[in-house]
Amino acid sequence: MLKAEPVWALGAMSGTSLDGVDAAALLTDGVTILDFGPTAYRPYSRAERAVIEAALGLWPGEEGVETAAEVVETAHAEVLSDLLATCPEAVLIGFHGQTLAHDPQGTAGPRRTHQAGDGDVLAEVLGRDVVWDFRSSDVELGGQGAPLVPFFHFACAQWAGLDEPAGFLNLGGVGNVTWVDPRAAGPEAPGAVLAFDTGPANAPIDDYMRAAFGLQNDAGGALALSGRVDQEAVTRFLAHPFFLRMPPKSLDRNDFHEILQGIVAPLEDADALATLCACAAAAVARGFEHFPTAPAALFVAGGGRHNHALMNELGALLACPVTPVEDLGLDGDMLEAQAFAYLAVRVARGLPTTGPSTTGVAALVGGGRVSVPQGG
Ligand SMILES: Nc1ncnc2c1ncn2[C@@H]1O[C@H](COP(=O)(O)OP(=O)(O)OP(=O)(O)O)[C@@H](O)[C@H]1O
Ligand SMILES: CC(=O)N[C@H]1[C@@H]2OC[C@@H](O2)[C@@H](O)[C@@H]1O[C@H](C)C(=O)O
């Protein structure tokens, strides 16, 4: 087990938007953020993305999973060895892997979650201890297995010197939000955080752009900004049973695929995109109803903060200021990668990574397996 001294760790995240791997270095003792280090990004090629996409919804042992895992491992080995070259002092690596399937409710079989990529392989290639499989034990113990970033959001709030409750929103493929009270003693203290997935965010927007135009995304939300929101469709979207559930709650990438397909089908392109942005923002606003107190501000990370239509919708719906996490001095493209560096150190120190207020697990849980390089 690591001592309580700060160490440099690397973290890597391959998110639900399937765009690529984010990696970042962090100096931490697993409680406090002491410094942010270099970052790196490695996009998936079209062919790699297609392999991963074909494996979405699959569980270990099913055909296609092994090939997807190899793509994930190769991309991570590349980006993490580049990052190690710029931060050789890193002693530990947090490796999330790629979620292929997530069913913590057990709606289609046993309750389970599946992240592709083997930590043993990366430990061997990179010559460092690798912490991975962060979600399984939480799900086995009755939790949602997601979101995992909330304890790091708490550390970010303290690092930024916030002194009243605030929200941290991640707009990735899926959205997740953390209400944080930075005055609490630590992230695991009662009342420190409340977190849950909010709903779909960029994934349906990207899927639409790919199908309609062969593009990766609606850059800056430009097309959505020229469209008109179908408010009646947003109301239909909000009738989805997910919004009736109390947190904790989490989502798989395509959980809203069918309903959103139905919503956009009759609309013109620009109106469809404007409506998808309005749905993502309305889902966040619904989430606010669960917060213990009104947050002083909502700080937004993830690629969706670059989508001005989405950010405008959020600003219009929420009573508090909505701003990118850059306003706190944080890097909104790397927050999740940094979170997995932070969580890796917590695992190595035997500290919990999730709890009743983040995943709904009955007690605090330290998720994650540690792979040690052979002979290391
Ligand atoms: N300039 C931009 N304009 C619009 N959308 C953007 C822009 N830049 C990135 N995005 C979108 O942001 C997403 C990537 O963000 P991010 O890396 O935060 O997601 P992720 O980590 O893959 O997903 P998740 O957090 O759900 O796991 C993609 O859907 C991408 O299309
Ligand atoms: C199962 C899974 O991989 N969920 C992702 C996804 O992407 C955003 C949201 O849904 C969040 O719950 C989670 O990722 C972040 C890193 C988390 O666990 O905090």
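## A tour from helix to domain

Start by selecting Leu-260, Ile-263 and Val-264 in helix 9, then add Ala-272, Thr-275, Leu-276 and Cys-279 in helix 10: these two groups meet each other. Sorted by class, the residues of this contact of helix 9 with helix 10 are six nonpolar, one polar and no charged. Keep in mind as you click around that what you have open is a predicted model.

Now show both helices as ribbons, with helix 9 at residues 257–264 and helix 10 at residues 269–288. How do their axes cross? They come within 10 Å and cross at roughly 140 degrees, which makes helix 9 oblique to helix 10. The crossing of helix 9 with helix 10 is right-handed.

**Next stop: helix 8**

Leave helix 10 on screen and add helix 8, residues 231–238. Here the axes are 10 Å apart and the packing angle is about 45 degrees, so helix 8 and helix 10 are oblique to each other. This crossing, too, is right-handed. To see the contact, pick Ala-233, Val-234, Phe-237 and Leu-238 on helix 8, then Thr-275, Ala-278, Cys-279, Ala-282 and Arg-286 on helix 10. Colour this contact of helix 8 with helix 10 by class and you'll get seven nonpolar, one polar and one charged.

**Zoom out: two domains**

Give domain 1 (7–148 + 334–371) one colour and domain 2 (161–328) another. Between the C-alpha centres of domain 1 and domain 2 you have 22 Å. Where the domains touch, domain 1 puts in 22 residues and domain 2 puts in 23 residues. On the domain 1 side, look for strand 4 and helix 12 (335–348), each supplying at least two residues. Strand 4 has the largest share of that side, with three residues. The side of domain 1 that touches domain 2 has nine nonpolar, 11 polar and two charged residues.

**Ligand 1**

Click on ligand 1 and show what surrounds it: there are 23 residues, and Gly-15, Gly-172, Asn-202, Asn-217 and Gly-303 come nearest. Why does ligand 1 lie between domain 1 and domain 2? Both domains give residues to its shell. That shell around ligand 1 has three nonpolar, 16 polar and four charged residues.

**Ligand 2**

Hop over to ligand 2, which has 19 residues around it; Thr-99, Ala-146, Pro-147, Val-149 and Val-174 are the closest. Strand 4 (92–103) and strand 8 (174–180) each give at least two residues to this shell. By class, the shell around ligand 2 has seven nonpolar, 10 polar and two charged. Ligand 2 lies between the domains as well, because domain 1 and domain 2 both give residues to its shell.

**Backbone oddities**

While you're at Ala-146 and Pro-147, check the peptide bond joining them: it is cis, with omega about -10 degrees. Pro-147 sits in the loop between helix 4 (136–140) and helix 5 (150–159).

Which bond should you look at next? Go from Pro-247 to Pro-248, where the peptide bond is cis and omega is near 5 degrees. You'll find Pro-248 in the loop between helix 8 and helix 9.

Last stop: Leu-18, in the loop between strand 1 (7–14) and strand 2 (20–28). Leu-18 has a phi near 65 degrees, a positive value in a residue other than glycine.

Notes: Residues are numbered from 1 along each chain as its sequence is written. Chains are lettered from A and ligands numbered from 1 in the order in which they are written. This is a predicted model: local features need pLDDT of at least 70, side-chain atom pairs count only at pLDDT 80 or more; totals for chains, interfaces and linings use all residues. Axes are lines fitted to C-alpha atoms, for helices over the stretch in contact, and angles run from 0 to 180 degrees between N-to-C directions. Helices (H or I, at least four residues) and strands (E, at least two) are DSSP runs, numbered from the N terminus. Angles under 35 degrees count as roughly parallel, over 145 as roughly antiparallel, 65 to 115 as roughly perpendicular and the rest as oblique. A crossing is left-handed if the near helix is turned anticlockwise from the far one by less than a right angle, and right-handed if clockwise. Two residues are in contact if their C-beta atoms, placed from the backbone, lie within 7 Å. Ala, Val, Leu, Ile, Met, Phe, Trp, Tyr, Cys and Pro count as nonpolar, Asp, Glu, Lys and Arg as charged, and the others, Gly among them, as polar. A residue is near a molecule or strand if its C-beta atom, placed from the backbone, lies within 6 Å of it. Domain bounds come from an automatic or database domain assignment.
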